[in-house]
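The following note sets out points on the model for a colleague's consideration.

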Amino acid sequence: MSKLFSKPAIYFIMGSQNTPGRDALEILEAALAGGINCFQLREKGADALTGELLLDFAVECQRLCCAYKVPFIVNDDVELAYALDADGIHIGQEDMEASTARRLMGPDKILGVSVHSLEEAEKAVLSGADYVGMGPVFGTQSKADTKSPAGTSGILAVKNRYPGLPVIGIGGIAPDNAGQVWAAGADGVAVISAIVQAESIALQIRRFNESIKAGAEK
Ligand SMILES: Cc1ncsc1CCOP(=O)(O)O
Ligand SMILES: C=C1C=NC(C(F)(F)F)=NC1=N
């Protein structure tokens, strides 16, 4: 059984490209100490680490996640995930087929898939996905080629059709709108900049949890 994240999930996503001039590992440790439930290493873009530098960075991220008993997920790079024996992999629609990733990772690893429609969600479920990510919910600067903000309607539709499937909202999510994403039925929120750029990461994660709790009470 894959040790999927506890809910509501505060799912932190980061790559070295998200923390220019700062220590990415310090930021990750602060997020883990602050109580994130899942971490995804998403090393993307022109100045992304590669080769030995990427492997060393990934090993350090995995070590920190292990110490805090938080699932360590790798974005896109199935080879890296496999080499590290990561807890799981997250793939997009343009990446490897979800069914192939599931076969490569085996039945006990976490498989996450990005989806933008009910059809894509159905395909992900049939491929053995443990959760799906839907977004961008709001505007974001953290992903270059992203679609236009879709709001939370897609999350609602997928939860109605697949109530047992964990759905993570992503894209422009901050404490002031996280409650709205939770109220739309999401099982958690995935965040890059609102955590990376926070003055106090611990305080920011507390704000996320308060916003979700408030969203639940409505
Ligand atoms: C990877 C990804 N996929 C859809 S939006 C996004 C980036 C989310 O980053 P932020 O939380 O900074 O908006
Ligand atoms: C593009 C993405 C969409 N969703 C997610 C997650 F939040 F993990 F589901 N991660 C991604 N990298």
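**Note on the predicted chain**

1. The mean positions of the 19 positive charges (Lys and Arg) and the 27 negative charges (Asp and Glu) of the chain lie 6 Å apart. His and the chain ends are not counted, and a charge is placed at NZ of Lys, CZ of Arg, CG of Asp or CD of Glu.

2. This is a predicted model, in which local features need pLDDT of at least 70, side-chain atom pairs count only at pLDDT 80 or more, and totals for chains, interfaces and linings use all residues. Residues are numbered from 1 along each chain as its sequence is written, chains are lettered from A and ligands numbered from 1 in the order in which they are written, and side-chain values use heavy atoms, with hydrogens and water left out.

3. Of the 218 residues, 51% are buried (under 20% relative accessible area, 1.4 Å probe, protein chains only). The largest nonpolar core (buried Ala, Val, Leu, Ile, Met, Phe, Trp, Tyr and Cys joined through side-chain atoms within 4.5 Å) has 70 residues, and Phe12, Ile36, Phe39 and Ile195 have the most contacts inside it.

4. Ile36 has contacts (heavy atoms within 4.5 Å) with residues including Ile10, Val70 and Ile205, leaving aside those up to four places away in sequence.

5. Two cis peptide bonds merit inspection. One joins Lys7 and Pro8, with omega about -5°; another joins Gly135 and Pro136, with omega about 5°.

6. Two non-glycine residues have positive phi: Lys69, near 50°, and Asp85, about 55°. Lys69 counts as exposed (over 50%) because its relative accessibility is 73%.
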